[in-house]
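Hi,

Here's the structure I promised to send over. Have a look first, and my notes follow below.

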Amino acid sequence: MDSGGIPQVLAYGLSQMSSVSYNGFSISPSTGTANVLPNGQIRFQLPNNALLDMKSSKVTFSVKTTDDVGARLPQASQLFSRIEVKCAGISIYNGSNFNHIVENVKVNMGQKKVCGVTGHKDFLDAGTHTGKLLASNKSETYEAELGTDQALFAIDLGEFSEIQPRLIDTSLLGQLEIILTVNDNKCLAVVKGSAGAARGGSSSITTVSAESGAAAATFEIIRPTMFVNMYSLSSGSYAQAVRAKMSDVGYLSLCYDNTLVFNQTWTGSTRFSLSANSLKRLTAVFRRKTAASTLEGAVPIVGGAADALSAKGPVYGIYGSSTLAKAGIAEYQTAGEQYSLPTAAPTSSASKESGAAFLYTTAGGVNLNWKIQSAQVPNYFATVAEQAELTKLAYNIDEFPKARLMAQYLYNFHAFAIPLGLPETPLDRKLISGLNTNATNAFISLESAGSNRDVTNYDCFVLACCDTILRVGEGKSVEVIN
C-alpha cells in the first residue's frame, strides 16, 4: 500500500521520464590489440560524461588453444583470474586473484547464469562451439573459420557489474579503467577421447591426452573488445537531483559486493583474520591440489553416460536411477571447476573411468563447522545434509541449480557456506546487514571432524563476501569503505 493509502492494484499513476536516449560503443584495449597470453593483462578506459550500464557492458573475445593436443575450454569466465576497477588511478574494486573461483561458485549456487551462446556454458567433448566435429586429440580452438574476424565469447565485469545503482554517471567520477588478468593454462583440460568414446576405454575423454606438447598446452585471448551500453537524459532533473543530494549529504553512495578469497592447503582446518565493515557470507570450497599443477582430462558429472555410443544410442532413464553404462547424458567439467568434499574414501585419485571416484559409501563422515572469534557458527558440526541446507540458506535458494543428487554435490559442486547477514534477492533494494569486524579484526576458522577426512590432497578456498561502499563527492573525489 502506498503512502496515500491506496493499494498498488488500484493505483493508476505512472512514472514518466522523457527525452531518454540510448547508444552503445565499442572500446579497444589500451594495452593494444595483440593476443594476450596467460597471466597477461587487458585494460580498457571507459567513456566519460554518460550514464553507463554496468550490468550489460561486457568484454568480448575469441580464444586460440594449442593445436592437436585435445585442449578443451572451461566456462568463459574461468579464463580470467582477476578483474580490477580503478578510478583516476585509485583502486575502487580490487577483485581477487581467484576471480574465476568466485564466478564459478556463484554459478553453482544460482547467483549468476551462464549464457550457452556467449558464455561457453558446457564442456564440449565432441564438437566445437561453432558446430564442427572434434576428432580424436583435436583441440577446441577458435582463431580460424568463424573466429577469424568474429568474437565468440563474452564476460561481464564480475561482482562490479552488480553495482547498485546499476546506472553510473561517469561525469561524477575520474577516469574509470577496467583491468582483466588472464588465468594460467591450468584452467584448460586436455583429453584423449573422440566423439562418443567410452569413459573406461583406451580413448576415454577423461584420460589425459598423450600427444606431444599436451602437458604444456596453453591458450591466448584473441581480439578482446569491450562494448558499453550508455544512456543520456536531456532533461536537467537528474543532474539537479544529484547536485541536491551532494549538497544535503556531501556525497553519493554506490554499493557492490567484494569477495575476498583466502587460499590454504587443507590440513583439517584453516584460519585467517578479517576486518570488514559488512561480512555477509562465508563459503568454503575444496579443490584437488593437482588441479593447480597439472593439466588433466575431463571430469565427469556424476550420473552421466559412461559407455561408448552404440547404434541404438544411450539410455535416457531417470537421472541417477540406473547403473547402466549407457544411462544418462554424458556431461563433464574441467578439474579447475570441480569442488569436492575432502574425503579419504573415495580417495582424491580414485578412478573416474571405473566410477570408483563417485562412490560415497564409507561411514565416518567429514563434518564441518565455522568459528568466529572461537564462537561456533553454527553451534554444531554439520553433516553433509546440514552443509547443503546451510549453504542454500546462505545463498537464499531452495535447491541447487547444478547439483541434482547427493553424489553430484559431494563430487562436482560441493560448497559449505553460512549467512552472516539478512537474506537478499536480486529484486531487493540494497541492504547492508553483514557482520562488522572492523573493531576486532576477527579471527575466523573452518574446522572439521570425522574419521573419513583427507587432510593432505586438497586446497581450501574461503570466500568472504563483503559489502563495499563507494562514496562519490564534489570534485570527483572518492572514498572506498570496505
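A quick word on naming: helices and strands here are DSSP runs, with at least four residues for a helix and at least two for a strand, numbered from the N terminus. Keep in mind that this is a predicted model.

Let's start with H414, which sits in the loop between α4 (406-411) and β19 (416-419). Its relative accessible area is 0%, so H414 is buried. The side chain of H414 makes a polar contact of 2.8 Å with that of Q387. Leaving out residues up to four places away in sequence, H414 also touches several others, including V285, F286, Y339 and Y409.

Now the aromatics. I get 14 aromatic pairs in the structure. One of them is F61 with F80: the ring centres are 5.3 Å apart and the planes stand at 75°, so this pair is edge-to-face. F61 belongs to strand β3 (residues 51-65) and F80 to strand β5 (residues 80-87), so the pair ties together parts 19 residues apart in sequence. Both rings belong to buried residues, with 0% relative accessibility for F61 and 0% for F80.

Then there's Y93 with F160, a tilted pair because the planes are at 40°, with centres 5.9 Å apart. This pair links distant parts of the chain, 67 residues apart: Y93 is in strand β6 (residues 90-93), while F160 is in the loop between β7 (153-155) and β8 (167-169). Y93 is buried at 2% relative accessible area, and F160 is buried at 2% as well.

Last one: F61 and F80 turn up again in a cluster with Y142 and F153, linked by ring pairs.

Cheers

Conventions: Residues numbered from 1 in each chain as written. Predicted model: local features only at pLDDT ≥ 70, side-chain atom pairs only at ≥ 80, totals over all residues. Heavy atoms only, no water. Buried < 20%, exposed > 50% of the residue type's maximum accessible area, 1.4 Å probe, protein only. Polar contact = N/O pair within 3.5 Å; in protein donor to acceptor, adjacent residues only side chain to side chain. Contact = heavy atoms within 4.5 Å. Phe/Tyr/Trp six-rings, centres within 6.5 Å; stacked < 30°, edge-to-face > 60°.
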